[in-house]
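This report walks through one protein chain, from a helix and its cover to the sheet and the salt bridges. Keep the structure open alongside the text.

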Amino acid sequence: MKIDTVSIVISAPSGTGKTTLIYKLLDRLDDLSFVTSTTTRDKRLSEEEGKNYYYVSNNKFQKMIDDEEFLEWAIVHGNRYGTTKKEVDRIRDAGRIPVFDVDVQGARILKSIMGGATFIFIIPPTFEALKKRLKNRATDSEQQIATRLDNAITELKEYTMYDYIVVNDKIDSALSDLESIIRTQMLSKNFMEEKVRLILENNNDHPSG
Ligand code: ADP
Ligand code: 5GP
C-alpha cells in the first residue's frame, strides 16, 4: 500500500491541545503510531526523549540535514524541528499508520510528497482560550508565548490546506471528532485497497475466480 494513503498529518497553533489530543487518540486507535520528530528545542519537564521528541544540538541537526536524513524540516518559533525518513520507515515497516505532528510549513511539504494523506487542523475555540492555555501550561517564557501567539495568526490563515478542521473546545468532544475522522478514513477505498486485493487473490476455489 502506498504510504501517503495511510498517513495522518495533524497541525495546530501551539497551545491548542494537539499533543494532549494525539496521545489520547493513540490510546484509542491501536493501528496508529506517533512519528517522533527531532528538535533542537529544550526538553520540557513533562516530556520524554524518544517519545515526545528526539532532542539534538544545533550542530547535530545541521549534520542530519547535510546527510539528507529528513523527509521535511522547518524552523518553528525559533527552533528547528524535523521528521526523519528513518522514523517513518520504522512505522511503515511495522505495517502501522503514521501520525505526523508538524507545523503548517511541514504540512505543506508533506502534502507535496504524500498528497493522499489525511490532513487535520486542530484549532482553539477562541484566541483568548489559546492565550490562557499557553499561560496555564507554564512551559514557555512570556517572550515564547508572545511568539507562539503571533505565529498562531499566520498558521490559522493556512487552514485551507487541510481536509478537516477540529475545534478543541471540550476535550472529549474534540477527541471523538478526531477519532471519527480517522475511523472514516480507515474505511475509505484507499485504506481498504489491500484488503480487497487479498480477498480477490485468494478466490482460487471459486469457479469464476
Ligand atoms: P499543543 O500540543 O497544541 O501545543 P498541549 O497539548 O500542550 O498543546 O495543550 C496546551 C495546554 O492546554 C495544556 O496545559 C493542556 O492540558 C491544555 N488543554 C488541552 N486541551 C484543552 C481543552 N480542551 N480545554 C482546556 N485546556 C486544554
Ligand atoms: P512544540 O515546541 O510546542 O512541541 O512544537 C512547536 C511546533 O512544532 C508545533 O506546531 C509542532 O506541530 C511543530 N513540529 C513538531 N515536530 C515537527 C516536525 O517534525 N516538523 C515540523 N515541520 N514541525 C514540527
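The cover over the buried residues of helix α4 includes β1 (8-11), β5 (70-76), β7 (97-101), β8 (118-123) and α6. Contact here means heavy atoms within 4.5 Å. Helices (H or I, at least four residues) and strands (E, at least two) are DSSP runs, numbered from the N terminus. Buried means under 20% relative accessible area, exposed over 50%, and partly exposed in between (1.4 Å probe, protein chains only).

The model is predicted: local features need pLDDT of at least 70, side-chain atom pairs count only at pLDDT 80 or more, and totals for chains, interfaces and linings use all residues. Residues are numbered from 1 along each chain as its sequence is written, chains are lettered from A and ligands numbered from 1 in the order in which they are written, and side-chain values use heavy atoms, with hydrogens and water left out.

**Helix α4**

Which residues of α4 are buried? They are Val 104, Gly 106, Ala 107 and Leu 110. Seen down the axis of α4, these buried residues fall within an arc of 150°, so they line one face of the helix. The arc is that of the directions from the helix axis to the C-beta atoms. An α-helix has 3.6 residues a turn, so residues three or four places apart point the same way.

**The chain overall**

The chain has eight helices and nine strands. Of its 209 residues, 45% are buried. The C-alpha trace spans about 70 × 40 × 30 Å along its principal axes. The radius of gyration is 19 Å, which agrees with the value near 17 Å for a compact globule of 209 residues. This radius is taken over C-alpha atoms, and the globule rule is 2.2 Å times the number of residues to the power 0.38. Among contacts between residues at least 6 apart in sequence, 67% join residues at least 24 apart.

**The sheet**

Five strands form an open parallel sheet, ordered β2-β7-β1-β8-β9. Strands β2 (32-34) and β9 stand at the edges with a single partner strand each, so one side of each is left without a neighbour in the sheet. From one strand to the next, the twist averages 25°. Two strands pair if DSSP finds at least two bridges between them.

At one edge, β2 and β7 pair in the parallel sense over three bridges. Phe 34 has Val 99 in β7 as its bridge partner. Helix α3 (residues 85-93) lies across β2 and β7, and runs at about 160° to β2. Axes are lines fitted to C-alpha atoms, for helices over the stretch in contact, and angles run from 0 to 180 degrees between N-to-C directions.

Strand β8 is mostly covered, with six of its six residues buried. In a regular strand the side chains alternate between the two faces of the sheet. Thr 118, Ile 120 and Ile 122 are buried on one side of β8, and Phe 119, Phe 121 and Ile 123 on the other. Strands β1 and β8 run parallel and are joined by four bridges. Ser 11 stands opposite Phe 121 in β8. Strands β8 and β9 also pair in the parallel sense, over four bridges. Here Ile 122 has Val 166 in β9 as its bridge partner.

**Salt bridges**

Side chains of opposite charge can pair when their charged atoms come close. The structure holds 15 salt bridges. Each is a side-chain nitrogen of Lys or Arg within 4 Å of a carboxyl oxygen of Asp or Glu. Three of them are listed here.

| Pair | N to O distance |
|---|---|
| Arg 28 and Glu 179 | 2.6 Å |
| Arg 108 and Glu 158 | 2.9 Å |
| Arg 137 and Asp 140 | 3.0 Å |

Arg 28 and Glu 179 meet in a salt bridge. Arg 28 lies in helix α1 (residues 18-28) and Glu 179 in helix α7 (residues 171-185), so the pair ties together parts 151 residues apart in sequence. Arg 28 is partly exposed at 39% relative accessibility, whereas Glu 179 is buried at 13%.

Glu 158 forms a salt bridge with Arg 108. Glu 158 lies in the loop between α6 (142-156) and β9 (164-167) and Arg 108 in helix α4 (residues 104-113), so this pair ties together parts 50 residues apart in sequence. Glu 158 is partly exposed at 23%, and Arg 108 is partly exposed at 40%.

Asp 140 forms a salt bridge with Arg 137. Salt bridges that share partners join Arg 41, Arg 44, Glu 47, Arg 137, Asp 140 and Arg 148 into one network. Within this network, Asp 140 is buried at 15% relative accessible area, and Arg 137 is partly exposed at 32%.
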